[in-house]
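Please open the model in a viewer and keep the sequence panel visible. The tour below proceeds by selections, each followed by an account of what is found there.

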Amino acid sequence: NRWAALTAGYDNRRNVRLYRDRLTPETQFDDAYRQGAWLGGDAQLLQHVRLAGEVRQNAGADRSHAWTWSAEGLRIGPRNLAIRGRVSRFDGATVASRLASGSVGFDPWPLSHVEVAGGTRQTRVTSPVLDDREWWESVDIDLALGRRWYWSGGWEHDHGGSSGQTRQLQGGLSLRF
């Protein structure tokens, strides 16, 4: 209906080869732990609040379960303030992983949007024992330039854990015709 949705499915793919213009710890978490049957739903509360949740179960040789809960406040005030938060957990036979992230976005001018995000991901492998924790921060900017031009750009800093430190800077200019 208009204010709630219930979804279910099954994903048995080992690898997902999708084009991505940007990898984030959130997309990496989702790609790594998406296999199995899932049930989810979301609800729109009041006019600006959305709550969502999903549980996944894999009963194959690699028994695991995962869940994600998220909440967001959207289109708040004259600058279209957006506040988002997410918590995810995966527990498998040899791997346990946790992810927490949040973001705040707003429209400083008409036809523009700025989003500041950050989070942490912790992964524990039991054999051999490895405990890894990563943090990230990012800023994304979208700007429509007239009727036909669109510019987007972003910066992300990943640090901590076994991967060391990574900085990404990207930008793009599009002409719509």
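Begin with the loop between S4 and strand S5 (81-92), and select Asn-80, which is found there. This is a predicted model, and in it the phi angle of Asn-80 is near 50°, a positive value in a residue other than glycine. Asn-80 counts as partly exposed because its relative accessibility is 31%.

Move next to strand S4 (residues 64-76) and select Arg-75, which lies in that strand. Its phi is also positive, near 50°, and again the residue is not a glycine. With a relative accessible area of 47%, Arg-75 is partly exposed.

**The whole chain**

Now deselect everything and display the protein as a cartoon. The secondary structure comes to 1 helix and 10 strands. Followed along the sequence, these elements give the pattern β-α-β-β-β-β-β-β-β-β-β. Along the principal axes, the C-alpha atoms fill a box of roughly 55 × 45 × 30 Å. The protein has 177 residues, of which 27% count as buried. Among contacts with a separation of 6 or more, 39% are between residues 24 or more positions apart.

Colour the cartoon by pLDDT. The average for the protein is 91, and 95% of the residues score at least 70. Which element has the lowest confidence, and which the highest? The lowest mean, 84, belongs to H1, whereas strand S6 (residues 95-106) has the highest, at 97. As a general caution, where pLDDT is low, the predicted coordinates should not be read in detail.

**The nonpolar core**

Select Phe-29, Tyr-33, Ala-66, Phe-90, Leu-99 and Trp-136 and show their side chains. These 6 residues make up the largest nonpolar core. Centre the view on Phe-29 and display its surroundings. Leaving aside residues up to four places away in sequence, Phe-29 touches two other members of that core, Phe-90 and Leu-99. Its contacts also include Arg-86, Arg-89, Arg-98 and Arg-121, together with Ser-88 and Ser-97.

**Salt bridges**

A search of the whole structure finds 9 salt bridges. Select first Asp-11 and Arg-34, whose side chains meet in one of them, at 3.6 Å from N to O. This pair links distant parts of the chain: Asp-11 is in strand S1 (residues 4-11), and Arg-34 is in the loop between helix H1 (25-32) and strand S2 (36-45), 23 residues apart. Are these two residues buried or exposed? Asp-11 is buried, with a relative accessible area of 11%, and Arg-34 is buried as well, at 8%.

Continue to Asp-42 and Arg-50. Their salt bridge brings the closest N and O atoms to 2.6 Å apart. Asp-42 counts as partly exposed at 25% relative accessibility, and Arg-50 is likewise partly exposed, at 27%.

Return towards the surroundings of Phe-29 and select Arg-89, a residue that Phe-29 touches. The side chain of Arg-89 meets that of Asp-91 in a salt bridge, with an N to O distance of 2.8 Å. Here the two partners fall into separate accessibility classes: Asp-91 counts as buried at 16%, while Arg-89 counts as partly exposed at 31%. The assignment follows because buried means under 20% relative accessible area.

Finish this part by selecting Glu-72, Arg-84 and Glu-115. The three are linked in a network of salt bridges.

**The surface**

Switch to a surface representation. The protein exposes about 11600 Å², and carbon and sulfur atoms supply 58% of that area. Select Ile-141, Leu-145, Trp-149, Trp-151, Leu-173, Leu-175 and Phe-177, which make a nonpolar surface patch of about 740 Å². Which strands each supply at least two residues of the patch? They are strand S8 (129-145), strand S9 (149-159) and strand S10 (165-175).

End the tour at Trp-151, a member of the patch that is found in strand S9. With a relative accessible area of 32%, Trp-151 is partly exposed.

Key
Residues numbered from 1 in each chain as written. Predicted model: local features only at pLDDT ≥ 70, side-chain atom pairs only at ≥ 80, totals over all residues. Heavy atoms only, no water. Core = buried A, V, L, I, M, F, W, Y, C linked by side-chain atoms within 4.5 Å. Buried < 20%, exposed > 50% of the residue type's maximum accessible area, 1.4 Å probe, protein only. Contact = heavy atoms within 4.5 Å. Salt bridge = Lys/Arg side-chain N within 4 Å of Asp/Glu carboxyl O. Helix = DSSP H or I, 4+ residues; strand = E, 2+ residues; numbered from the N terminus. pLDDT = per-residue confidence, 0-100. Areas by Shrake-Rupley, 256 points an atom, 1.4 Å probe, with all protein chains shown as cover. Patch = residues over 30% accessible without salt bridge, like charges linked within 9 Å, V, L, I, M, F, W, Y side chains within 5 Å.
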